[in-house]
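Look over the sequence and the model below before reading on. The paragraphs that follow go from one residue to the sheets, the core and the disulfide.

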Amino acid sequence: QVQLVESGGGLVQAGGALRLSCAASGLIFSIHAMGWYRQAPGKQRELVASITIGGSTNYADSVNGRFTISRDNAKNTVYLQMNSLKPEDTAVYYCNARRVAGIVAHWGQGTLVTVSS
């Protein structure tokens with residue numbers, strides 16, 4: 001059974017930092033592209049950052065320069081380092097895994113990040 005388990009969320013003040021982790025199991029991690037999405041109250045889920053099986057990264061304009069996505073295939077884990085956090089970063093952050101030719105996308109349950117002013 002495929003499982004993605006996010007951790008690392010919490011409450012921080014503006015300007016602070018958090019590192020989110022997503023531990024994957026039940027899949028061949030190395031052949032899945034990974035991504036971090038977030039959903040703020042009243043808004044649609046949006047892509048924050050993604051990383052391909054080859055290690056190429058992509059970031060939303062709103063987080064570019066502040067967030068860094070990375071993966072450790074030996075640990076079946078993807079990370080999101082979030083620096084210089086802003087109140088507008090407040091959201092539930094979700095981990096996503098997908099194969100290039102795969103129809104099914106796998107999602108974690110999410111971890112809440114709250115950034116106070």
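Which residues does D89 touch, not counting residues up to four places away in sequence? D89 touches R38, V63, R66, F67, S84, V113 and V115, where contact means heavy atoms within 4.5 Å. This is a predicted model, in which local features need pLDDT of at least 70, side-chain atom pairs count only at pLDDT 80 or more, and totals for chains, interfaces and linings use all residues. Residues are numbered from 1 along each chain as its sequence is written, and side-chain values use heavy atoms, with hydrogens and water left out.

D89 lies in the loop between β8 and β9; strands (E, at least two residues) and helices (H or I, at least four) are DSSP runs, numbered from the N terminus. With a relative accessible area of 1%, D89 is buried. Buried stands for under 20% relative accessible area, exposed for over 50%, and partly exposed for values in between, with a 1.4 Å probe and protein chains only. One of the residues that D89 touches, R38, also makes a polar contact with D89, side chain to side chain, at 2.9 Å. A polar contact is a pair of N or O atoms within 3.5 Å; within protein, one must be able to donate a hydrogen and the other to accept it, and residues adjacent in sequence count only if both atoms are side-chain atoms.

R38 leads to the pairing of β4 and β5, since R38 stands opposite E46 in β5. β4 and β5 pair in the antiparallel sense over five bridges; two strands count as paired if DSSP finds at least two bridges between them. The hairpin of β4 and β5 has six residues between the strands, and in it G42 takes a positive phi near 75°. Strand β4 is mostly covered, with five of its seven residues buried. β4 also pairs with β9, in the antiparallel sense over seven bridges, and here W36 stands opposite C95.

W36 belongs to strand β4 and is buried, at a relative accessible area of 0%. A polar atom of the W36 side chain lies 3.4 Å from the backbone oxygen of Y79. From W36 to E46 the separation is ten residues in sequence and 8.7 Å in space, C-alpha to C-alpha.

How many disulfides does the structure hold? The structure holds one, a disulfide being a pair of cysteine sulfur atoms within 2.5 Å. It is formed by C22 and C95, with sulfur atoms 2.1 Å apart. C22 lies in β3 and C95 in β9, so the pair ties together parts that are 73 residues apart in sequence. The torsion about the S-S bond of C22 and C95 is about -85°, so this disulfide is left-handed. C22 counts as buried at 0% relative accessibility, and C95 is buried with a relative accessible area of 0%.

Strand β3 also takes part in an open sheet of four strands, in the order β1-β3-β8-β7, with antiparallel pairing. The edge strands are β1 and β7, each pairing on one side only. On average, neighbouring strands of this sheet are turned by 15° against each other, direction ignored; axes are lines fitted to C-alpha atoms, for helices over the stretch in contact, and angles run from 0 to 180 degrees between N-to-C directions. β1 and β3 (residues 18-25) pair over five bridges, and L4 stands opposite A24 in β3. β3 and β8 pair over six bridges, with A23 opposite T77 in β8.

Side chains alternate along β1 (residues 3-7): L4 and E6 point to one face and are buried, while Q3, V5 and S7 point to the other and are not. On the other edge strand, β7, sits T68, which is partly exposed at 41% relative accessibility. Leaving aside neighbours within four places in sequence, T68 is in contact with Y59, Y79, L80 and Q81.

The largest nonpolar core has 29 residues, of which W36, V78, L80, M82 and Y93 touch the most other members. Such a core is a set of buried Ala, Val, Leu, Ile, Met, Phe, Trp, Tyr and Cys residues joined through side-chain atoms within 4.5 Å. At least two residues of this core come from each of β3, β4, β5, β7, β8, β9 and β11. Leaving aside neighbours within four places in sequence, M82 is in contact with G16, A17, L18, L20, R66, F67, Y93 and V113.
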